[in-house]
Amino acid sequence: MLILSLCAVSCLFYSVYRLIVYPRYLSPLRVVPGPPLAGFLLGHFPQILQSQAGAIQKEWIDKYGPAVRTVGPLGQDRLILLRPKALHKIFVSDWVDYPRPKVMTAVLGLATGHGLFTVTGTEHKQMRKAINPAFSIINLIAQADMYYDSIEILVNVFKNKLTKQPYPSQGRVIHIFEWMNKVTLDIICDAAFGYKSNALLDPDNELAAAYAQLGIELNIAKLAELARIPGMVTFLSSDLCHKCRRMFRLFPPIASVESFVDSLYRLRRVAKQLLAEKMAEADADTDDKGPMKKDIMSLLVRASRRDKTESGYRLSDDALIDQVLTFLGAGHETVASGISWTLWLLANDPRAQSKVRDEVSPVFLHTDRPDYRVLKDLKFLDCVIMESLRLFSPAPTTRRVAAKSDWIDGIYVPKGTQLSIPIRAINTNPNVWGPDAEVFRPERWLDLPKAYDPNFSVMSFIAGPHACIGKTMSILEMKAVIATMVVNFEFAPAYAGQVAVPNSAITMKPADNLPLLVRLVAR
Ligand code: HEM
């Protein structure tokens with residue numbers, strides 16, 4: 001009894017210390033400006049959850065300056081940092097000391113396995129070195145043609161929708177994000193595995209259905225909480241968990257984990273089958289057997305065979321599956337959001353839309369499949385895409401944790417501090433981009449401001465060793481889709497007074513699926 005009482009008193013003292021005394025009176029970060037401290041238990045977390053993705057961080061920066069201190073759940077210290085000096089230290093010079101927080105890697109790792117998102121330090125360096133060649137310009141040039149198989153299907157789907165209605169010339173409202181999500185899944189499946197997922201025409205395709213189901217019911221906050229339980233991530237992706245997944249029905253708040261586990265299982269099963277096929281193909285590959293397959297998995301399988309003998313590090317078969325799941329997870333919804341927001345901005349700026357059409361139309365007189373070099377030279381389209389990624393970054397914020405105590409840009413940051421990187425606020429910083437930083441003005445990319453820093457003024461793909469490996473591929477893919485769409489269709493808002501509705505999740509996608517009025521362009 002005495003021991004129990006002592007435990008209860010100690011717990012009480014510790015809770016008072018962690019939730020009240022430390023954040024309010026002892027934390028070295030209490031001198032950094034920030035919003036007034038909120039509830040003891042959840043801190044500013046509810047405000048972040050309720051706001052549009054990345055919007056509250058921007059509001060706080062506008063009000064309190066380039067370094068803002070907030071408090072997370074259970075009195076956890078958080079710092080929002082904006083200045084290039086801080087970003088350079090966190091992402092480039094001292095990146096190993098600022099890894100992704102455990103909960104972030106656990107959630108990402110659940111869907112993508114042990115891949116680039118979950119490793120850091122030496123293992124990350126080796127893994128990235130093994131994978132980089134698959135994203136080289138030479139491979140992207142070879143791959144670009146694959147994108148058009150899916151883009152052409154998308155164009156036909158839209159044309160069918162528009163012509164099969166009583167008054168085709170009036171156009172039709174189409175939910176753009178839904179279709180961009182399908183076309184980007186088909187493209188990444190083809191580019192990553194050489195696999196035709198056919199999401200555009202067959203929503204029952206195993207992989208397309210598994211992805212569609214993956215994100216529907218389980219919200220990220222619940223997933224993050226589950227991922228905190230030791231061993232849970234490994235368990236959720238195990239065959240055993242899949243066998244007894246119905247047990248989750250007994251716990252109504254997490255009943256949807258059942259379908260999540262099922263989707264994961266199905267994704268992995270397809271990935272394993274595909275890997276087996278690639279291995280067999282690699283075994284049969286000889287120089288005189290026709291063209292080599294150009295999808296990312298074939299390249300990685302061939303490289304892993306070579307590296308078995310040439311160097312110490314080799315991607316194991318399981319690691320190969322995880323990499324490809326990583327590319328599917330990272331390179332599908334992000335690109336779909338990027339394309340959708342670009343079409344939204346063009347729908348609201350008919351002048352820019354006509355200018356893009358005028359630039360791309362001559363190209364399409366010669367070919368329906370402009371290649372890497374041709375797409376690269378479309379300068380105004382490039383400006384439009386850069387401006388769209390600046391204003392509507394598909395990843396609106398990201399996070400890191402301080403693995404040791406150190407000074408960052410003049411602030412003493414204790415070990416364990418969570419660092420919030422406000423990508424949306426960085427991209428629209430008026431000190432760099434001027435008073436019209438929030439305005440869509442593609443031409444600004446032709447005459448960049450003096451304060452522009454190529455690494456830290458737009459952080460949509462972040463910077464340093466963990467920067468997005470798919471950056472060039474995404475921009476190329478966005479260009480191919482947007483050029484083809486704009487040359488075939490005209491886009492306008494679906495109704496008067498329509499506003500953008502970015503959701504508040506890890507990626508920033510249109511919460512309403514982005515309805516737009518689409519009309520055929522006479523060619
Ligand atoms: C417009 C599209 C995209 C955007 C905005 C985007 C953004 C990002 C961001 C912000 C990160 C860093 C996350 C962090 O560390 O906090 C990242 C990492 C990553 N992205 Fe992308 N991404 C896009 C498309 C793609 C594509 C198409 C692929 C692959 C096919 C891809 C693969 C990856 C991978 C593997 C990482 C982890 C890199 C590492 O840690 O070494 N992404 N991306």
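Biologist: Is Ile462 buried or exposed in this predicted model?

Modeller: Ile462 is found in the loop between α21 (430-433) and α22. A residue is classed as buried if 20 or more other C-beta atoms lie within 10 Å of its own. Ile462 has 21 C-beta neighbours inside 10 Å, so the residue counts as buried.

Biologist: What is the phi of Ile462?

Modeller: Most residues other than glycine have a negative phi. Ile462 is not a glycine, yet its phi is positive, at about 50°.

Biologist: Asn198 also has a positive phi; how many other C-beta atoms lie within 10 Å of Asn198?

Modeller: Asn198 is not a glycine, and its phi is about 55°. The residue lies in the loop between α8 (176-193) and α9 (206-214). A count between the limits of 12 and 20 makes a residue partly exposed. Asn198 is partly exposed because its count of other C-beta atoms within 10 Å is 19.

Biologist: Which strands stand at the edges of the sheet formed by β3, β9 and β8?

Modeller: The three strands form an open sheet in the order β3-β9-β8, with antiparallel pairing. Each edge strand has a single partner strand, so one side of it is left without a neighbour in the sheet. The strands at the edges are β3 (172-175) and β8 (489-493).

Biologist: Which residue of β9 stands opposite Phe491?

Modeller: β8 pairs with β9 (residues 515-520) in the antiparallel sense, over five bridges. Opposite Phe491, in β9, stands Val518.

Biologist: Which helix packs on this sheet?

Modeller: The helix touches β8 and β9. Its direction makes about 75° with that of β8. The helix is α16 (residues 333-347).

Biologist: Which residues come nearest to the ligand?

Modeller: The shell around the ligand divides into twelve nonpolar, nine polar and two charged residues. The helices α15 (317-330), α16 and α22 (471-488) each supply at least two residues of this shell. Of the 23 residues around the ligand, those that come nearest are Gly331, Thr334, Thr398, Cys468 and Gly470.

Biologist: What is the radius of gyration of the chain?

Modeller: The chain has 22 helices and nine strands, and its C-alpha atoms fill a box of roughly 80 × 55 × 50 Å along the principal axes. For 523 residues, a compact globule would have a radius of gyration near 24 Å. The value for the chain agrees with this expectation: 24 Å.

Biologist: What percentage of the residues in the chain is buried?

Modeller: Among contacts with a separation of 6 or more, residues 24 or more positions apart account for 73%. Of the 523 residues in the chain, the buried ones make up 39%.

Note on methods: Residues numbered from 1 in each chain as written. Predicted model: local features only at pLDDT ≥ 70, side-chain atom pairs only at ≥ 80, totals over all residues. Pairing = 2+ DSSP bridges. Helix = DSSP H or I, 4+ residues; strand = E, 2+ residues; numbered from the N terminus. Contact = placed C-beta atoms within 7 Å. Axes fitted to C-alpha atoms, helices over the stretch in contact; angles between N-to-C directions. Rg over C-alpha atoms; globule rule 2.2 N^0.38 Å. Near = placed C-beta within 6 Å. Nonpolar A, V, L, I, M, F, W, Y, C, P; charged D, E, K, R; others polar.
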